[in-house]
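Colleague: Got a moment to go through this one with me? I'd like to start with how the strands pair up.

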Amino acid sequence: TKSFFKIRLWIDAKNNIKQLKMFDKNGTRYSYKVNTMNTTQKLDDATFIFDAKKHPGVHIEDLRM
């Protein structure tokens, strides 16, 4: 039901997001540039665990080698 089909992330050597680009199905591209990021905030590890069972129909493309 989402209008976008791909998100591309640029991450620096310190694992900070520097930029992201979202690709919409209608051809529109949205670009976001991150100028500052608060990396001192404590977050629970579970915040970053994606459970595919909770999101049926989602395609996961793992490009890690």
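Modeller: Sure, and keep in mind that this is a predicted model. β1 and strand β2 (residues 17-24) run antiparallel to each other, paired over seven bridges. Within that pairing, isoleucine 11 sits opposite isoleucine 17 of β2.

Colleague: Which residue in β2 is the bridge partner of leucine 9?

Modeller: Strands of a sheet pair through backbone hydrogen bonds, either parallel or antiparallel. Here β1 and β2 take the antiparallel option. Across from leucine 9, the bridge partner in β2 is leucine 20.

Colleague: And arginine 8, which residue in β2 is its bridge partner?

Modeller: Arginine 8 belongs to strand β1. At 38% relative accessibility it falls between the 20% and 50% cut-offs, so arginine 8 counts as partly exposed. Its bridge partner in β2 is lysine 21.

Colleague: Which residue in β3 does lysine 21 stand opposite?

Modeller: β2 also pairs with β3, in the antiparallel sense and over five bridges. One of the residues facing across there is phenylalanine 23, whose bridge partner in β3 is arginine 29. For lysine 21, the residue opposite in β3 is serine 31.

Colleague: Putting the sheet together, which strands stand at the edges?

Modeller: The sheet is open, with three strands in the order β1-β2-β3 and antiparallel pairing. From one strand to the next, the twist averages 15°. A strand with a single partner has one side left without a neighbour in the sheet, so the edges are β1 and β3 (29-33).

Colleague: Now the hairpins. In the one formed by β1 and β2, which residue takes a positive phi?

Modeller: Most residues other than glycine have a negative phi, and most peptide bonds are trans. The hairpin of β1 and β2 has five residues between the strands. One residue in that loop has a phi near 65°, a positive value in a residue other than glycine, and at 66% relative accessibility, over the 50% cut-off, it counts as exposed. That residue is asparagine 15.

Colleague: What about the hairpin of β2 and β3: which residue takes a positive phi there?

Modeller: That hairpin has four residues between the strands. The positive phi is near 100°, and the residue that takes it is glycine 27.

Colleague: How many aromatic pairs does the count come to?

Modeller: A pair of aromatic rings is described by the distance of the centres and the angle of the planes. Ring centres have to lie within 6.5 Å to be counted. By this rule, the number of aromatic pairs is one.

Colleague: How are the rings of phenylalanine 5 and phenylalanine 23 arranged: stacked, edge-to-face or tilted?

Modeller: Their centres are 6.3 Å apart and their planes stand at 50°. Planes under 30 degrees apart count as stacked and over 60 as edge-to-face. The angle here fits neither class, so the pair is tilted.

Colleague: How many residues apart are phenylalanine 5 and phenylalanine 23?

Modeller: The pair links distant parts of the chain. Phenylalanine 5 is in strand β1 and phenylalanine 23 in strand β2, and their separation is 18 residues.

Colleague: Of those two, which is buried?

Modeller: Buried means under 20% relative accessible area, and exposed means over 50%. Phenylalanine 5 is at 55%, so it counts as exposed. The other ring's residue has a relative accessible area of 6%, so the buried one is phenylalanine 23.

Colleague: On to the largest pocket. Which strand gives the most to its lining?

Modeller: The pocket has a volume of about 750 Å³. It is lined by 13 residues, and Phe5, Lys6, Ile7, His59 and Glu61 lie nearest its centre. By class, the lining has eight nonpolar, two polar and three charged residues. With six residues, the strand that gives the most is β1.

Colleague: Last one: how far apart are the C-alpha atoms of proline 56 and alanine 13?

Modeller: Proline 56 is in the segment after β3, and at 71% relative accessibility it counts as exposed. Along the chain, proline 56 and alanine 13 are 43 residues apart. In space, their C-alpha atoms are separated by 33 Å.

Notes
Residues numbered from 1 in each chain as written. Predicted model: local features only at pLDDT ≥ 70, side-chain atom pairs only at ≥ 80, totals over all residues. Heavy atoms only, no water. 1 Å grid on protein atoms, 1.4 Å probe; cavity = no way out; pocket = protein on both sides within 12 Å on 5 of 7 lines; lining within 4 Å. Points joined across faces, edges and corners; volume = space filled by probe spheres on them. Helix = DSSP H or I, 4+ residues; strand = E, 2+ residues; numbered from the N terminus. Nonpolar A, V, L, I, M, F, W, Y, C, P; charged D, E, K, R; others polar. Pairing = 2+ DSSP bridges. Axes fitted to C-alpha atoms, helices over the stretch in contact; angles between N-to-C directions. Phe/Tyr/Trp six-rings, centres within 6.5 Å; stacked < 30°, edge-to-face > 60°. Buried < 20%, exposed > 50% of the residue type's maximum accessible area, 1.4 Å probe, protein only.
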